[in-house]
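User: I would like to go through some of the labels attached to this model and hear the reasoning behind each of them.

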Amino acid sequence: MKSPQSSPKSKTSLLENEKEAQEYPMFSNTKIKSKKLAFIPLVFLIYFQVSGGPYGTESTVGSGGPFFAILGFLLFPIIWCIPEALVTAELATAFPGNGGFVIWTHQAFGPFWGFLIGFWKFLSAVINLSSYPVLCIDYIDPMLPTLSHLPHYFLISLSTLLLSVLNFIGLPTVGYAAIFLGILSYLPFVVISLFAIPKIDPSKWVFSGQNRKKKNWPLFFNSLFWNLNCWDNVSTLVLEGVKNPPKTLPKAFLSAGLLTFLTSLIPLLAATGAMSLDLDDWVDGYYTVVAEKIVGKRFKKWVRAGAFLSSIGVYQSQLSSCSHQLLGMAELGLLPRLFGARSKWFDTPWVGIFISAVISNLVSYMKFRHVTSLVNVLFSLSMLVEFSAFLWLRVKIPDLQRPFRVPVTRLRGLIAVLFIPFGILVYVTCVGTKVVYLVIAVLTVFGIIWYHCMKIFQA
């Protein structure tokens with residue numbers, strides 16, 4: 001495989017990119033030597049990039065009640081997940097490069113917007129990543145009391161380092177690990193669901209909440225959105241990780257979608273049907289209490305262990321997407337060539353992995369209680385641009401070869417398909433707090449300054 005220094009794309013300046021953005025699709029010129037993902041590992045990789053299981057879904061019940069939580073997990077895959085997956089499948093197969101969504105936006109609107117969407121998506125991903133080493137420690141700490149004697153920040157750093165190791169080895173290793181982690185992390189919920197069957201009262205599923213308890217709709221939609229988004233993350237892995245993308249990717253999306261839907265909804269139905277419904281109790285982590293009351297006190301540890309394994313899976317899969325995104329941006333000239341450096345032993349983007357891990361580690365030290373909202377608003381801003389790029393590319397390059405195509409030909413039809421997803425993105429963006437908007441504004445200004453400094457030095 002060519003090194004980043006010898007790649008024509010990595011030498012392309014931002015000024016040259018402004019001219020090249022008018023040309024037809026921009027593919028990576030890199031020769032692929034690494035093994036690609038088999039189908040099942042790819043499905044589990046997407047599963048962890050999107051969800052990773054029912055952990056973290058409890059707050060949808062606490063904020064909206066069982067009825068709206070169940071309704072949300074029935075409807076949201078249709079009105080959000082399917083449109084996002086279809087758009088990703090079309091653009092990822094039309095523009096198969098390491099940058100994924102960065103390449104599509106670059107082609108549609110030019111290098112500035114390509115850089116900005118990449119900047120927003122990367123920030124959203126690493127801020128999200130930062131929570132998983134902390135969660136791993138929180139889940140495992142009660143089972144290993146000796147850890148409590150070690151400094152907390154040391155444990156976070158050690159956890160981040162250990163969680164990053166598999167990505168240095170390669171995508172197939174991450175994919176097969178995802179299968180193992182996915183099955184083991186979900187086994188506790190199989191047991192909970194089976195034990196819950198005799199205790200289920202279906203009337204509890206239509207319970208909308210206690211009288212006079214006001215629903216927390218921003219928390220409800222943020223939790224639902226956080227548990228069912230990021231279908232476009234796999235686009236950064238298509239070039240190097242997916243065999244025959246036009247056929248494989250849509251099938252993988254369908255399989256991962258069914259897996260995500262069933263693994264979230266079945267435990268939700270079992271737990272809400274069998275448990276008392278004091279909604280104040282339904283916060284993230286409540287499934288450990290559910291396990292204790294339905295199965296037994298000792299089983300609580302198994303749910304903690306499952307959550308620990310799920311956190312590892314989510315971290316591994318999202319880190320792989322982050323590192324390949326940085327690799328793709330370096331190939332496009334949107335980042336310095338150093339960001340595209342590869343390991344001599346494994347041919348993996350080690351600098352991208354290292355930078356993503358270090359930044360997520362630093363963010364994890366910060367006690368920022370608005371993490372979910374910040375991640376969702378950054379993601380929503382980038383998806384608004386991404387969907388707009390999808391629509392504009394249908395107008396700008398109508399004759400572009402699209403190996404997989406969303407089965408709607410007219411622009412009005414496509415706008416209708418994306419109307420509800422656009423509405424969801426606008427709503428999630430608008431329910432952010434002042435602190436979230438301030439942080440995003442400061443980070444965005446920093447990114448714009450970085451972009452223009454790159455232009456100056458490359459001129």
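Analyst: The exchange below takes up salt bridges, burial and backbone angles in what is a predicted model.

User: What makes the contact between Glu90 and Arg394 a salt bridge?

Analyst: The closest N and O atoms of Glu90 and Arg394 are 2.8 Å apart, and since the limit between a side-chain nitrogen of Lys or Arg and a carboxyl oxygen of Asp or Glu is 4 Å, the pair qualifies as a salt bridge. Glu90 lies in helix α3 and Arg394 in helix α15, so the pair ties together parts that are 304 residues apart in sequence. Glu90 and Arg394 are also linked with Arg402 in a network of salt bridges.

User: Why is Glu90 called buried?

Analyst: Its relative accessible area is 1%, and because buried means under 20%, Glu90 is classed as buried. Arg394, with a relative accessible area of 9%, is buried as well.

User: Why is Glu292 called partly exposed?

Analyst: Glu292 has a relative accessible area of 29%, and because partly exposed covers what lies between under 20% and over 50%, that label applies to Glu292. Glu292 forms a salt bridge with Lys300, where the closest N and O atoms are 3.6 Å apart, and Lys300, at 26% relative accessibility, likewise counts as partly exposed.

User: What makes the phi of Asn244 worth a remark?

Analyst: Most residues other than glycine have a negative phi. Asn244, which is not a glycine, has a positive phi of about 45 degrees, and its place is in the loop between α10 and α11.

Terms used
Residues numbered from 1 in each chain as written. Predicted model: local features only at pLDDT ≥ 70, side-chain atom pairs only at ≥ 80, totals over all residues. Heavy atoms only, no water. Helix = DSSP H or I, 4+ residues; strand = E, 2+ residues; numbered from the N terminus. Buried < 20%, exposed > 50% of the residue type's maximum accessible area, 1.4 Å probe, protein only.
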